[in-house]
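The following exercises are to be worked with the sequence and the model at hand. Each task is followed by a stepwise solution.

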Amino acid sequence: MIQITIDREACIGASACVAAAGKTFALDAEGKSTVVNAQGDSEEEIRAAAAGCPTGAIQLEEVASSKTEK
Ligand code: SF4
């Protein structure tokens, strides 16, 4: 499972993430990207969205889905 963090200061509303993974990202009323469903698209599509962001505003972090301890 991937945890998605969006740096809203860095986001310029270019919408590339929405184009790549439209079930995961959407622009809010301020024209900034937000996560609407962290599992809305495949991991591959979410990674493509992060890679395609022109300002690198999307950070992805791999998180264990079932384990809570190390
Ligand atoms: S691709 Fe990056 S800059 Fe564009 S809307 Fe998404 S997070 Fe914002």
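**Exercise 1. Determine what share of the contacts in the protein chain between residues at least 6 apart in sequence joins residues at least 24 apart.**

Solution. Two residues are in contact if their C-beta atoms, placed from the backbone, lie within 7 Å. Among the contacts of the protein chain between residues at least 6 apart in sequence, 56% join residues at least 24 apart. This is a predicted model, in which local features need pLDDT of at least 70 and side-chain atom pairs count only at pLDDT 80 or more, while totals for chains, interfaces and linings use all residues. Residues are numbered from 1 along each chain as its sequence is written.

**Exercise 2. State the order of helices and strands along the protein chain, and assess its compactness.**

Solution. Helices (H or I, at least four residues) and strands (E, at least two) are DSSP runs, numbered from the N terminus. The protein chain has two helices and four strands, in the order β-α-β-β-α-β. Its radius of gyration, 12 Å, is close to the 11 Å that the globule rule gives for 70 residues, so the protein chain is as compact as a globular protein of that length. Here the radius is taken over C-alpha atoms, and the rule is 2.2 Å times the number of residues to the power 0.38.

**Exercise 3. Identify the buried residues of α2 and what covers them.**

Solution. A residue is buried if 20 or more other C-beta atoms lie within 10 Å of its own, exposed if 12 or fewer, and partly exposed in between, with C-beta atoms placed from the backbone. In α2 (43-52), the buried residues are I46, A49 and A50. They cover an arc of only 95° around the axis, which puts them on the same side of α2; the arc is that of the directions from the helix axis to the C-beta atoms. Their cover includes β1 (2-6), α1, β2 (25-27) and β4.

**Exercise 4. Is A57 buried or exposed, and which residues does A57 touch?**

Solution. First, locate A57 in the loop between α2 and β4 (58-62). Next, count its neighbours: 21 other C-beta atoms lie within 10 Å, so A57 is buried. Finally, leaving out residues up to four places away in sequence, A57 touches I6, D7, A10 and C11. The C-alpha atoms of A57 and I46, eleven residues apart along the chain, are separated by 13 Å.
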